[in-house]
Amino acid sequence: MKIGLSYSRCVRDIVQGRVDIDDVLVLISRTDFDPHDDEQWSDIWQAYRFGPNPEWRACQDEDEDHYRSVSLALWDLGKFHQPRKFGSRPYRRSEYWLETILPDEELERNPTAKDAWDKFQMIAGLTSIKVDRTY
């Protein structure tokens, strides 16, 4: 499971297929908008394509629906948290995906989670993913 820390970069990764939306636990964004609101969406779309931090500069007009549908899915699934809506002002970080791990106590209590974790570690061992168990 992943925790995202950048709306623009995380949504881009999901749209481009680098990250599966089902692997996202939560996206903690520095934004303050509702993707259901057409005017707010238009402002976000334009800002990330042409603004001072154009994370979506390579996007074409026809990509907009895909970016919006991912944004709406995150929102509707309750995976889109915006601290600015509550008065916080988080700063931009260079890293924008965090991997989550399950503590041993949880694995012992939950056999299904343990099975999934074991399978993840096996697959991670076959790739370049490094799992640090020293948390």
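This passage describes the fold, the sheet, the core and several individual residues of the structure shown above. The model is predicted, with local features requiring pLDDT of at least 70 and side-chain atom pairs counted only at pLDDT 80 or more, while totals for chains, interfaces and linings use all residues. Residues are numbered from 1 along each chain as its sequence is written, and side-chain values use heavy atoms, with hydrogens and water left out.

It helps to start with the overall layout. The protein contains five helices and four strands, where helices (H or I, at least four residues) and strands (E, at least two) are DSSP runs numbered from the N terminus. Read from the N terminus on, the elements follow the pattern β-α-β-α-α-β-β-α-α. The C-alpha trace spans about 50 × 35 × 25 Å along its principal axes. Of the 135 residues, 35% count as buried; here buried means under 20% relative accessible area, exposed means over 50%, and partly exposed lies in between (1.4 Å probe, protein chains only). The accessible surface comes to about 8,700 Å², and carbon and sulfur atoms hold 51% of this area. These areas come from the Shrake-Rupley method with a 1.4 Å probe, and for residues only the protein chains shown count as cover. Among contacts (heavy atoms within 4.5 Å) with a separation of 6 or more, 61% join residues 24 or more positions apart.

The strands form an open sheet in the order β3-β2-β1-β4, with mixed pairing. Two strands are taken to pair if DSSP finds at least two bridges between them. The edges are held by β3 and β4, and each has a single partner strand, so one side of each lacks a neighbour in the sheet. The pairing of β2 with β3 is parallel and runs over two bridges. Isoleucine 28 has histidine 81, in β3, as its bridge partner.

Attention now turns to the interior. The largest nonpolar core has 22 residues, and those touching the most other members are Tyr7, Val11, Ile14, Trp41, Trp56, Tyr67 and Leu74. Such a core is a set of buried Ala, Val, Leu, Ile, Met, Phe, Trp, Tyr and Cys residues joined through side-chain atoms within 4.5 Å. Two or more residues come from each of α1 (7-15), β2 (24-28), α2 (38-50) and α3 (64-76), and α1 gives the most, with five. Leucine 74 offers a good view of this packing: beyond its neighbours within four places in sequence, leucine 74 is in contact with Val11, Ile14, Ile21, Val24, Leu27, Lys79 and Phe80.

Helix α1 deserves a closer look. Nine of its nine residues are buried, and this list includes Arg9, Arg12 and Asp13 as well as Tyr7 and Val11. The buried residues of α1 pack against β1 (2-4), β2, α2, α3, β3 and β4. Just after α1, glycine 17 adopts a positive phi of about 80°. Within this helix sits serine 8, which counts as buried because its relative accessibility is 2%. Leaving aside residues within four places in sequence, serine 8 is in contact with Tyr48, Glu55 and Trp56.

Tryptophan 45 belongs to helix α2 and, at 2% relative accessibility, counts as buried. The C-alpha atoms of tryptophan 45 and serine 8 are separated by 9.6 Å, with their positions 37 residues apart along the chain counted as the separation. Apart from residues up to four places away in sequence, tryptophan 45 touches Trp56, Cys59, Gln60, Asp61, Asp63, Glu64 and Tyr67. One of these partners, aspartate 63, lies in the loop between α2 and α3 and counts as partly exposed, at 27% relative accessibility.

Two further serines can be set side by side. Serine 71 is placed in helix α3 and is buried, with a relative accessibility of 0%. Not counting residues up to four places away in sequence, serine 71 touches Tyr7, Val11, Pro35, Trp41 and Phe80. Serine 88 is found in the loop between β3 (80-81) and β4 (97-99), and its 34% relative accessibility makes it partly exposed. From serine 88 to cysteine 10 the C-alpha distance is 20 Å, at 78 residues apart in sequence.
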